[in-house]
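Take a walk through this fold, from a single ring outward to the whole chain. Keep the coordinates open as you read.

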Amino acid sequence: MLPIAFSAFGDNGDTVSARLKNTFKKPLVIAALLGFILVLCGSQMPTQFDSIFTLLGKGAGGLAIFTTGIVLKTRQITFNKTICSTILLKNLAFPLVVWGCMALFNSPTTLTRLVVVALAIPTATMPSTLAIRFNVHEAELASTQFWSTALSFITLTAFVLALS
């Protein structure tokens, strides 16, 4: 997804191939692709790095919340049809469709619960971060993030109760 996002938000009137070439030079894209390839190859992280990455993993959630607070504080929160549609799709429709598909294919109950609840989690910070980075629909994405999180208290609770 990162190469597509960076390519789509490219500027300077470059061709699509030039934007893609520039995209694959970005450290964030290279790191994501390298990690993906290593996982596909069955590579395991050396045990010496466990404590370092455990510490980073524990701090990432708090940092994400802090960053979200800064983003939301610096952008005007609005509500319109686009934001409402996005939230309904993200918080309700997508988890419901996946739940239906998993029921149709008779997936294990535990797996269904985990997947549906994970999909019902509010919008992540990456879309807002990319919007700010590329100056594209910043307020709209920040608003979507805010309302998705605020309304997830209702939608996420409903999914957890319905799946229990």
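Start at F24, which is partly exposed because its relative accessible area is 41%. The classes are set by relative accessible area: buried means under 20%, exposed over 50%, and partly exposed in between, with a 1.4 Å probe and protein chains only. F24 sits in the loop between α2 (16-23) and α3. This is a predicted model: local features need pLDDT of at least 70, side-chain atom pairs count only at pLDDT 80 or more, and totals for chains, interfaces and linings use all residues. Residues are numbered from 1 along each chain as its sequence is written, and side-chain values use heavy atoms, with hydrogens and water left out.

What surrounds F24 on the surface? Together with L20, L33, F36, I37 and L40, F24 makes a nonpolar surface patch of about 560 Å². Patch members have over 30% relative accessible area and no salt bridge; nonpolar side chains (Val, Leu, Ile, Met, Phe, Trp, Tyr) are joined within 5 Å, like charges within 9 Å. A salt bridge here is a side-chain nitrogen of Lys or Arg within 4 Å of a carboxyl oxygen of Asp or Glu. Areas follow the Shrake-Rupley method with a 1.4 Å probe.

Helix α3 gives the patch its largest share, four residues. An α-helix has 3.6 residues a turn, so residues three or four places apart point the same way. Helix α3 covers residues 27-40, 14 in number, and reaches 20 Å from its first C-alpha to its last. That is close to the 20 Å expected at 1.5 Å a residue, taken as 1.5 Å times one less than the number of residues. Just after α3, G42 takes a positive phi of about 80°.

Now turn to the aromatic rings. The whole structure holds four aromatic pairs. In one of them, F79 and W147 have ring centres 5.4 Å apart and planes at 75°, so the pair is edge-to-face. Rings of Phe, Tyr and Trp (its six-membered ring) pair with centres within 6.5 Å; planes under 30 degrees apart are stacked, over 60 edge-to-face, the rest tilted. F79 lies in the loop between α4 (50-74) and α5 (81-104), and W147 in helix α8 (residues 138-163), 68 residues apart. F79 is partly exposed at 48% relative accessibility; W147 is partly exposed at 27%. F146 joins F79 and W147 in one aromatic cluster.

Finally, step back. The chain has eight helices and zero strands, counted as DSSP runs (helices H or I, at least four residues; strands E, at least two) numbered from the N terminus. Buried residues make up 21% of the 164.
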